[in-house]
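I am opening a notebook on a structure that is new to me. My plan is to go from the whole chain to single residues and to write down what I look up along the way.

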Amino acid sequence: MKTISRAVRIAPPILALLLLATGIPGSSARSASRSVEADGTGAHPTIQSAIDAAQPGDTIRVGPGTYT
């Protein structure tokens, strides 16, 4: 039995479109920005709750103030 292998050549623009369509270039297609404010008015009441809710690629924005 003879095995034949072929290399498939894909043009760079088509390869880029395929990678973008499958989400391979990034670990997270949709990253979120999570906000925390010292007075508790942000999207998350505490820094820890923002960290717990965060996914890879997310950004946690901490407003100015004193956190206890």
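**Entry 1: the chain as a whole**

I began with burial, and I noted that buried residues make up 10% of the 68 residues in the chain. I should record at once that this is a predicted model, so I read every value below as computed from a prediction. I looked up the elements next and found 2 helices and 2 strands in the chain, which follow one another from the N terminus in the order α-β-α-β. For the surface, I wrote down an accessible area of about 5,900 Å² for the chain, with 58% of that area belonging to carbon and sulfur atoms. I also looked at how far apart in sequence the contacting residues are: among contacts in the chain with a separation of 6 or more, 51% are between residues 24 or more positions apart.

**Entry 2: the two strands**

How many bridges join β1 to β2, and do they run parallel or antiparallel? I found that 4 bridges join strand β1, residues 33-36, to strand β2, residues 59-62, and that the two strands run parallel. On the way from β1 to β2 the chain passes through helix α2, residues 47-53, and I noted that this β-α-β crossover is right-handed. Looking at individual positions, I saw that Arg-34 stands opposite Ile-60 in β2, and that Ser-35 has Arg-61 as its bridge partner in β2.

I then compared the two faces of β1, and I recorded Arg-34 and Val-36 on the covered face, with Ser-33 and Ser-35 on the uncovered one. I keep a general remark beside this: in a regular strand the side chains alternate between the two faces of the sheet.

**Entry 3: Arg-34**

Is Arg-34 buried or exposed? I looked up its relative accessible area, which is 17%, and since buried means under 20%, Arg-34 counts as buried. Its place is in strand β1. Setting aside residues up to four places away in sequence, I listed what Arg-34 touches: His-44, Ala-50, Ala-53, Ala-54, Asp-58, Thr-59, Ile-60 and Arg-61. Asp-58 is the one in this list that I followed further.

**Entry 4: Asp-58 and the salt bridge**

I located Asp-58 in the loop between α2 and β2. Its relative accessibility is 17%, and because this falls under the 20% limit, Asp-58 counts as buried. Both Arg-34 and Asp-58 are therefore buried by that limit.

Which side chains meet in a salt bridge? I found those of Arg-34 and Asp-58, at 2.9 Å from N to O. This pair links distant parts of the chain, with Arg-34 in strand β1 and Asp-58 in the loop between α2 and β2, 24 residues apart. The count of salt bridges comes to 1. In general, side chains of opposite charge can pair when their charged atoms come close.

I also noted a second polar partner for Asp-58, as a polar atom of the Asp-58 side chain lies 2.9 Å from the backbone nitrogen of Ala-32. With neighbours within four places in sequence left aside, Asp-58 is in contact with Ser-31, Ala-32, Arg-34 and Ala-53.

**Entry 5: Glu-37 and Thr-66**

I turned last to two residues outside the strands. Glu-37 is in the loop between β1 and α2, and with a relative accessible area of 28% I entered Glu-37 as partly exposed. Beyond its neighbours within four places in sequence, Glu-37 is in contact with Gly-42, Pro-45, Gly-63 and Tyr-67. Glu-37 and Tyr-67 are 30 residues apart in sequence, and I noted 8.8 Å between their C-alpha atoms.

Thr-66 is in the segment after β2. At 68% relative accessibility Thr-66 counts as exposed, because exposed means over 50%. I wrote down the separation of Thr-66 and Ala-38 as well, which is 28 residues in sequence and 6.2 Å in space from C-alpha to C-alpha.

How values were computed. Residues are numbered from 1 along each chain as its sequence is written. This is a predicted model: local features need pLDDT of at least 70, side-chain atom pairs count only at pLDDT 80 or more; totals for chains, interfaces and linings use all residues. Side-chain values use heavy atoms; hydrogens and water are left out. Buried means under 20% relative accessible area, exposed over 50%, partly exposed in between (1.4 Å probe, protein chains only). Contact means heavy atoms within 4.5 Å. Two strands pair if DSSP finds at least two bridges between them. A crossover is right-handed if, with the strands pointing away from the viewer, the path from the first strand over the helix to the second runs clockwise. A salt bridge is a side-chain nitrogen of Lys or Arg within 4 Å of a carboxyl oxygen of Asp or Glu. Accessible areas come from the Shrake-Rupley method with a 1.4 Å probe; for residues, only the protein chains shown count as cover. A polar contact is a pair of N or O atoms within 3.5 Å; within protein, one must be able to donate a hydrogen and the other to accept it, and residues adjacent in sequence count only if both atoms are side-chain atoms.
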